[in-house]
Amino acid sequence: MPQPTSDTAVSRPELSVVVNEYRDTAVTGTIGARVMPFLPMIEQSAEYPVIPREIMLKIHDTRRAMRGTYPSSDWEFEMGFYATRENGWEEKIDDRERKLYASLFDAEVVATRRATKIIDLSMERRIAARVFNETNFTPHAVANEWDKPAAATPIDDVNDAKLSLRTQCGMPGNTLIIGYTTFEKVKNCDQIVDRLVYTFPGIDLNRITSQQLAAIFNIPQVLIGGAIYDSADKGQDASIADLWDNEYAMVTICSDAPDVSEPCIGRSFVWTEESPGNGEPVVESYREEGSRSDVVRVRHDSDERLLKSYDEDGNVKSDIAAAVSYLMSNIKTT
């Protein structure tokens with residue numbers, strides 16, 4: 001394994017494996033990278049093509065006359081814009097600390113996992129703030145809050161959302177996004193329990209999965225945002241809150257297709273020059289002799305963007321993210 005020096009950060013591919021394994025097994029509840037999947041880009045900032053909203057549902061005349069040419073597209077792409085920025089975190093491993101705990105854990109692995117969690121939660125917050133946002137999306141209040149088991153009608157509410165999306169973009173939506181507390185509340189709603197017992201005979205209602213909930217809602221996937229954070233200042237009593245606001249739920253379209261112009265809520269653009277691969281963070285280490293420590297660094301270069309196009313003055317032309325999304329509010333009792 002390469003040894004860090006005082007003046008050169010070295011790549012640590014063996015620790016990059018730790019990052020991926022940790023992400024696969026972690027219980028942090030992050031879903032941002034599935035809401036806005038990574039899209040590798042070779043430039044740090046650039047325009048990208050956006051299909052104009054006005055042509056998404058157009059029916060075209062496809063007839064060809066004998067000896068005539070075939071009909072073809074007469075529209076032009078509109079342009080969106082992204083500009084990545086670097087996010088990262090460093091963890092020190094003191095020589096004495098490493099020796100003290102050598103029999104208990106691998107200090108480099110622990111430091112890498114800790115740094116990974118920190119940058120993942122930062123990205124999660126950025127995405128959650130964009131998605132559960134009444135400025136970016138028009139809120140639609142449900143009639144009965146989902147934390148009222150007898151009165152709530154979450155299946156009807158989600159069906160209404162899917163039908164509304166069909167008139168907005170021609171697609172019913174492939175993803176329901178909810179917070180963890182919402183998940184805990186909605187699975188106890190009478191309407192959900194009745195459908196679960198009928199659909200999955202013998203089901204343990206205490207062990208309902210997101211896949212089973214997706215089947216009940218008749219939607220390809222349910223993403224449950226379980227990430228939490230402490231908003232208190234250092235030294236103050238903890239103030240724990242959800243990153244995904246339990247006042248909202250959303251039916252939307254998510255896509256990890258390589259086609260950047262495919263309609264969806266958004267993508268996480270990653271600059272491959274600084275973040276090689278498909279969005280995985282870079283892991284490096286270097287020596288800090290003044291503190292007798294090795295330093296592990298985890299970083300990536302990304303921009304999480306709602307899918308929109310803009311004119312030359314920076315005004316939104318086609319808000320694709322809004323067209324493929326339906327934000328529900330009044331999900332919890334205030």
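Is Arg 292 buried, exposed or partly exposed, and what is its relative accessible area? Arg 292 is partly exposed, because its relative accessible area is 42%. Here buried means under 20% relative accessible area, exposed means over 50%, and partly exposed is in between, with a 1.4 Å probe and protein chains only.

Welcome to this predicted model, in which local features need pLDDT of at least 70, side-chain atom pairs count only at pLDDT 80 or more, and totals for chains, interfaces and linings use all residues. Residues are numbered from 1 along each chain as its sequence is written, and side-chain values use heavy atoms, with hydrogens and water left out.

**The chain as a whole**

The chain has 9 helices and 17 strands; helices (H or I, at least four residues) and strands (E, at least two) are DSSP runs, numbered from the N terminus. Along the principal axes, its C-alpha atoms fill a box of roughly 75 × 60 × 35 Å. Of the 334 residues, 44% count as buried. The chain exposes about 17,900 Å², and carbon and sulfur atoms supply 48% of that area; accessible areas come from the Shrake-Rupley method with a 1.4 Å probe, and for residues only the protein chains shown count as cover. Among contacts with a separation of 6 or more, 78% join residues 24 or more positions apart, where contact means heavy atoms within 4.5 Å.

**Around helix 8**

Helix 8 spans residues 210–217, and its buried residues are Gln 212, Leu 213, Ala 214, Ile 216 and Phe 217. Their cover includes helix 5, strand 7 (175–179), helix 6 (180–186), helix 7 (190–199) and strand 8 (221–225).

Helix 5 (residues 154–169) holds Lys 162. This lysine is buried yet has no salt bridge, and the nearest side chain of opposite charge, Asp 160, is 10.0 Å away. A salt bridge is a side-chain nitrogen of Lys or Arg within 4 Å of a carboxyl oxygen of Asp or Glu; Lys and Arg count as positive and Asp and Glu as negative, while His and the chain ends are not counted. The side chain of Lys 162 does reach the backbone oxygen of Phe 217, at 2.9 Å. Setting aside residues up to four places away in sequence, Lys 162 touches Met 171, Pro 172, Phe 217, Asn 218, Ile 219 and Val 251.

**Two positive phi values**

Most residues other than glycine have a negative phi. Two residues with a positive value are set out here.

| Residue | Phi | Loop | Relative accessibility |
|---|---|---|---|
| Asn 218 | near 55° | between helix 8 and strand 8 | 62%, exposed |
| Arg 292 | near 50° | between strand 13 (282–288) and strand 14 (293–306) | 42%, partly exposed |

**A buried tryptophan and an exposed leucine**

Trp 244 lies in the loop between strand 10 (240–242) and strand 11 (249–252). Trp 244 counts as buried because its relative accessible area is 0%. Its C-alpha atom is 5.8 Å from that of Ala 128, although the two residues are 116 apart along the chain. Beyond its neighbours within four places in sequence, Trp 244 is in contact with residues including Ile 31, Val 35, Ile 177 and Gly 225. The side chains of Trp 244 and Glu 124 make a polar contact at 2.7 Å.

Leu 104 sits in the loop between helix 3 (95–100) and helix 4 (107–131). With 64% relative accessibility, Leu 104 counts as exposed.

Notes: A polar contact is a pair of N or O atoms within 3.5 Å; within protein, one must be able to donate a hydrogen and the other to accept it, and residues adjacent in sequence count only if both atoms are side-chain atoms.
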